[in-house]
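Hi there,

Here is the structure I promised to pass on to you. Have a look at it first, and my notes on what turned up follow underneath.

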Amino acid sequence: MLEMLRRQTQTRRRAIRSTSTNACGLYPAVGAASMDPRGVIIGREAYSGKAYIFDPFILYNPKARIRLASGHVLVLGKSGYGKSALEKTYVLRQLRFRDRAFCVLDAQGEDGAGEWDGIARHLGITPIRLVYGSGTEGVRINPLDPRIPSEHQFKVLASMLEILTGTLSSQTRFALAEAHKTAMHTAHTEHRSVILSDVLNALTAPKAAKLGQQPVAPEQLVEWGQPAALALDELCNPHRDMSGLFDGPTSEGIDLDTRLVVFDLTRLPRESEAMPLLMAVIGPWLRFGWIKQDDRIKRTLIVEEAWHILSHRPVARLFEELVRYGRRLGLSFWGVLHHLGDLMLEQAPEAAAILKLTSTRVLYHMDREEAEVTADYLGLPNWARRALADGSNVCAPGRGIWQVGSRTNLVEHIRTRAEVRLTDTNRRMTETTTTDSEMPPAPMIRLQKGAVT
């Protein structure tokens, strides 16, 4: 009996040495499992060579091969490794489906125009440009637009003031709520839309109110509402920096019925308060003006420089509600960031909630320290952790780690020559240029107003 027992070293099989070409035939099951074959092609899975196909709306379907909990996507990585190219080609390919529509908040560009300007012009779309000042060039978005229900108008108003002044006291919120009700009544009697100046006037010249059964004198309301009034003056006073962006009716000519809506934010300073203020307004404005409950259109909101949302709690609070109800609204939210480690997620639970609601994460090359932070937060396998820090080979430009539900793949993004011409953002850094005559016409469909109906 003892002679039949063998030590582990005696029964271990010898390693088989083989070339990678032969190994593919010997071990065909090593390749990654396929995604659902419906949707748009992104490129190919780097290790198996299979086509990599992705569509968050299809993968949300219970009958999909991979069932996602949401259609939201997080895109991370350093500049120059393919984030912008991925977003743009994804939109161009998805627009071939009749039931798809997109809105892009374009925060990057050069020469006064955003990165999406070329694609928008090619498709016959005019970007909506927002600039400082009260001149004719800029576009105004009214945070109290009648398309936004009154109860949500107050949320937007309070969030904007919190960005400018910090957390509002209970007395200030009460005074602001009374001023908002007075402003709505004034605008209604004059048969027009309520604007921020109406709220400012009501704050500085209030009427007596009641807190339960306790009367509140106008002088007391003026004192309580002083912080809000000073903040609103920054937005309404024509001599202030941010005048012309929000005070007044929404500019005419903003078409939310086209299948691609581009907000060009490149002329707004990134570090100023204008960006988070605009994000606080656009989120609810799109929810009630762009998203329609009576159609079957699947909509995607792409937010460049999404840290303007995640790093400001008042803005994150509004967008968390939008993202949380994305499945009910038929919405896929794409947040694009450079660094996850820059966000103080412990201090902003709303931002952490938005990130956790994303079921798809696309990660491009990062510095080693940033890769470790991101891998720990997202629970990436060790091979993906190492790959993220290797920007010369594994995660070279155009290659990214795709974490879709429970599956993680290394994907090589593939673009046609026409797509390269439309999505290239490195032309100024390259020594050679390619003229349009050398490229075939881009196989794109021009978008017409009302094409979504």
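**A buried ring pair**

Let me start with phenylalanine 333, which is buried, with a relative accessible area of 4%. Please keep in mind throughout that this is a predicted model. Phenylalanine 319 is buried as well, at a relative accessible area of 0%. A search of the whole structure gives 9 aromatic pairs. In the one formed by phenylalanine 319 and phenylalanine 333, the ring centres are 6.2 Å apart and the planes stand at 55 degrees, so the pair is tilted. It links distant parts of the chain, with phenylalanine 319 in helix 13, phenylalanine 333 in strand 12 and the two positions 14 residues apart.

Helix 13 covers residues 313-324, and glutamate 320 lies in it too. Would you have guessed buried or exposed for glutamate 320? With a relative accessibility of 16%, against a cut-off of under 20%, glutamate 320 counts as buried. Leaving out residues up to four places away in sequence, glutamate 320 touches Glu350, Ala353 and Ile354.

**The chain and its sheet**

Stepping back, the protein chain has 18 helices and 15 strands. Of its 453 residues, 51% are buried. If you take the contacts between residues at least 6 apart in sequence, 72% of them join residues at least 24 apart.

An open sheet is built from 11 strands, and the order is 2-1-15-14-13-3-12-11-4-10-7, with mixed pairing. At its edges are strand 2 (51-54) and strand 7 (128-129), each of which pairs on one side only.

I followed strand 14 in some detail. On one side, strand 13 (residues 360-363) and strand 14 (residues 399-404) run antiparallel and are joined by 4 bridges. Valine 362 has tryptophan 402 of strand 14 as its bridge partner, and leucine 363 stands opposite isoleucine 401 in strand 14. Strand 14 also runs antiparallel to strand 15, and 6 bridges join the two. There, glutamine 403 stands opposite threonine 408 in strand 15. The hairpin of strand 14 and strand 15 has 2 residues between the strands, and glycine 405 takes a positive phi near 60 degrees in it. Since 5 of the 6 residues of strand 14 are buried, the strand is largely enclosed by the rest of the structure.

**Two covered helices**

Helix 4 (residues 83-94) lies across a long list of strands, including strand 1 (40-45), strand 3 (73-76), strand 12 (331-337) and strand 15 (407-413). Its direction is at about 135 degrees to strand 1. How many of the 12 residues of helix 4 are buried? The count is 12 of 12, so the helix is mostly covered by the definition of under 20% relative accessible area. The buried residues of helix 4 include charged ones, among them Lys83, Glu87, Lys88 and Arg93. The end C-alpha atoms of helix 4 are 17 Å apart, which agrees with the 16 Å that its 12 residues should span at 1.5 Å a residue.

Helix 6 (residues 150-165) has 16 residues and reaches 22 Å from its first C-alpha to its last, close to the 22 Å expected at 1.5 Å a residue. This helix is mostly covered too, with 12 of its 16 residues buried. Among them are His152, Phe154, Met160 and Glu162. What covers the buried residues of helix 6 includes helix 7 (170-189), helix 8 (196-204), helix 10 (226-236), helix 11 (274-289) and helix 13. Just after helix 6, glycine 166 takes a positive phi of about 95 degrees.

**More on the rings**

Back to the aromatic residues for a moment. Ring pairs join Tyr52, Phe54, Tyr90, Phe102, Trp334 and Trp402 into a cluster. Two of these names have come up already: Tyr90 is one of the buried residues of helix 4, and Trp402 is the bridge partner of valine 362.

Charges sit over rings as well. The charged end of arginine 67 is over the ring of tyrosine 60, 4.4 Å from its centre. Arginine 299 lies over the face of tryptophan 290, at 5.8 Å from the ring centre.

Enjoy looking around, and all the best!

Note on methods
Residues numbered from 1 in each chain as written. Predicted model: local features only at pLDDT ≥ 70, side-chain atom pairs only at ≥ 80, totals over all residues. Heavy atoms only, no water. Pairing = 2+ DSSP bridges. Contact = heavy atoms within 4.5 Å. Axes fitted to C-alpha atoms, helices over the stretch in contact; angles between N-to-C directions. Buried < 20%, exposed > 50% of the residue type's maximum accessible area, 1.4 Å probe, protein only. Phe/Tyr/Trp six-rings, centres within 6.5 Å; stacked < 30°, edge-to-face > 60°. Lys NZ or Arg CZ within 6 Å of the ring centre and 35° of its normal. Expected span 1.5 Å × (residues − 1).
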